[in-house]
Amino acid sequence: RERFDFGGRDVASWFPRHMAKGEDRQRGGSSPAERPLRAHPALFCVAGLRQMRLALRRADCLVERSHIPLSGRNPALQEALGIRPHVLVLNKMDLADPRRQPVSAGAGLGWGQRWARAQSDSPVPVSLQVVPMVARLVADSPRYHRAESSEHNILVIGVPNVGKSSLINSLRRLHLKKGKATAVGGEPGITKAVLTRIQVCEKPLMYLVDTPGVLPPKLGDVETGMKLALCGAIRDHLVGEDIMADYLLYTLNKQQQFRYVEHYRLAQACDHIEPVLKHIALAQGRTQKVKVLTGTGNVNVTMLNYPAAAYGFLRDFRAGRLGRVTLD
């Protein structure tokens, strides 16, 4: 396929109810009929940014985590939080396509004046890179009203489900030998508010503040939303596992990433998702029993479970079993 047909899908339906309320306040909408139903508890852009602005008054540096170098970042964060020393941590680089590293290398361009980039494919673990990198950026930057303070306050930002809480816990374990300080999970929406400061280092004295994942109130296009969904920033069921699996197949073929053919023991690469999901369902025994009403009564019929096969396809991609892929 030369292009992917999104079927006129509207990304607005992928956003949370509470983000919709925030947008309605800006538009003046108040009645339930005026508020579109948008489900998912962690992506509130308006209130989330307001909380971050308050926390920013005490922040010396921003640490931003991202799965995708370009689509995985929220420009509203930069606009709202202004210029601060900024560390970009590109997560899951071990799953990224090394042939597309120039895309990742340009991820910070145009986003501010003082940039550092920590990557998880470095010989030095990210957890060891972040603290000295932040300390160096803060030392080289004006702190104004915080100039007399010896402690470093860091705001951790990013879209949902990119591992912000995991990064804080990792730094805390590494530098303080302490246990988990903030909840983590495999789905977006675990962190729902800007939390209190969490100490992650003694020398230099450094505190990190976890924040909820924030998506822009409006995505530029459906394709950006689809990439975010494939990385887990939007819950699968809001987008639809079937359309996500089809877009993933389109992307793999477009980038000539045919590892899926070998992984699923297909005869050849496929341009459409149905035969792939059928093969996965048959090979893995993904079936479901469905009641069919006939002239003699209800009959249980075993059918292939295509949604389960689609979910398995997405899970294999996220685990790196379909090869190293960069979506941007």
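Let's start with confidence. The mean pLDDT of this chain is 75, and 70% of its residues reach 70 or more. So keep in mind that this is a predicted model. Confidence is not even along the chain. Helix 1, residues 17–27, has the lowest, with a mean of 42. Helix 10 has the highest, at 96.

Two stretches need care. Residues 109–116 have a pLDDT below 50. Beyond near neighbours in sequence, that stretch has 23 contacts in the model. Residues 183–194 are also below 50. That stretch has 41 contacts in the model, again beyond near neighbours in sequence. Where pLDDT is low, predicted coordinates should not be read in detail.

Now the overall layout. The chain has 12 helices and eight strands. It has 328 residues, and 52% of them count as buried. Next, take the contacts with a separation of 6 or more. Residues 24 or more positions apart account for 68% of those.

On to the inside. In soluble globular proteins, nonpolar side chains tend to be buried together. Which residues touch the most other members of the largest nonpolar core? They are Leu 230, Met 244, Tyr 260 and Phe 313, in a core of 41 residues. Several helices give two or more residues to this core: helix 7 (222–230), helix 8 (236–239), helix 9 (241–254), helix 10 (259–263), helix 11 (273–284) and helix 12 (306–318). Helix 9 gives the largest share, eight residues.

Look at Met 244 more closely. Leave out residues up to four places away in sequence. Met 244 then touches Met 226, Ala 229, Leu 230, Asp 236, Val 239, Leu 314 and Arg 318.

There is another core, apart from the one with 41 residues. This other core has 21 residues, including Val 138, Val 156, Ile 198 and Cys 201.

Val 138 takes us to helix 5, where it is one of the buried residues. Helix 5 runs over residues 126–139. Is helix 5 enclosed or not, and why? It is largely enclosed by the rest of the structure, because 10 of its 14 residues are buried. Among them are Val 126, Ser 127, Gln 129 and Met 133. Its length checks out too. At 1.5 Å a residue, helix 5 should span 20 Å, and its end C-alpha atoms are 20 Å apart, so the two agree.

Next, the aromatic rings. The structure holds six aromatic pairs. I'll show you two. Phe 6 and Tyr 247 form a tilted pair. Their centres are 5.8 Å apart, with 35 degrees between the planes. Where do these two residues lie? Phe 6 is in the segment before helix 1, and Tyr 247 is in helix 9. The pair therefore ties together parts that are 241 residues apart in sequence. Phe 6 has 14% relative accessibility, so it counts as buried, being under 20%. Tyr 247 is at 2%, so it is buried as well.

The second pair is Tyr 247 with Tyr 250. This one is tilted too: 5.9 Å centre to centre, with 40 degrees between the planes. Both tyrosines lie in helix 9, three residues apart, about one turn of the helix. Both are buried. Put the rings together, and Phe 4, Phe 6, Tyr 247 and Tyr 250 form one aromatic cluster.

A quick word on cysteines. How many disulfides does the structure hold? Zero. Cys 61 is at 0% relative accessibility, so it counts as buried. Cys 270 has a relative accessible area of 17%, so it is buried too.

Last topic: the backbone. Most residues other than glycine have a negative phi, and most peptide bonds are trans. Here are some exceptions. The peptide bond from Lys 203 to Pro 204 is cis, with omega near 0 degrees. Pro 204 sits in the loop between strand 5 (198–201) and strand 6 (206–209).

Gln 256 is not a glycine, yet it has a positive phi of about 55 degrees. You'll find Gln 256 in the loop between helix 9 and helix 10. Is Gln 256 buried or exposed? Its relative accessible area is 59%, so Gln 256 is exposed, the cut-off being over 50%.

Arg 265 also has a positive phi, near 55 degrees, and is a residue other than glycine. It lies in the loop between helix 10 and helix 11. At 73% relative accessibility, Arg 265 counts as exposed.

Definitions and conventions. Residues numbered from 1 in each chain as written. Predicted model: local features only at pLDDT ≥ 70, side-chain atom pairs only at ≥ 80, totals over all residues. Heavy atoms only, no water. Disulfide = S-S within 2.5 Å. Buried < 20%, exposed > 50% of the residue type's maximum accessible area, 1.4 Å probe, protein only. Core = buried A, V, L, I, M, F, W, Y, C linked by side-chain atoms within 4.5 Å. Helix = DSSP H or I, 4+ residues; strand = E, 2+ residues; numbered from the N terminus. Contact = heavy atoms within 4.5 Å. pLDDT = per-residue confidence, 0-100. Phe/Tyr/Trp six-rings, centres within 6.5 Å; stacked < 30°, edge-to-face > 60°. Expected span 1.5 Å × (residues − 1).
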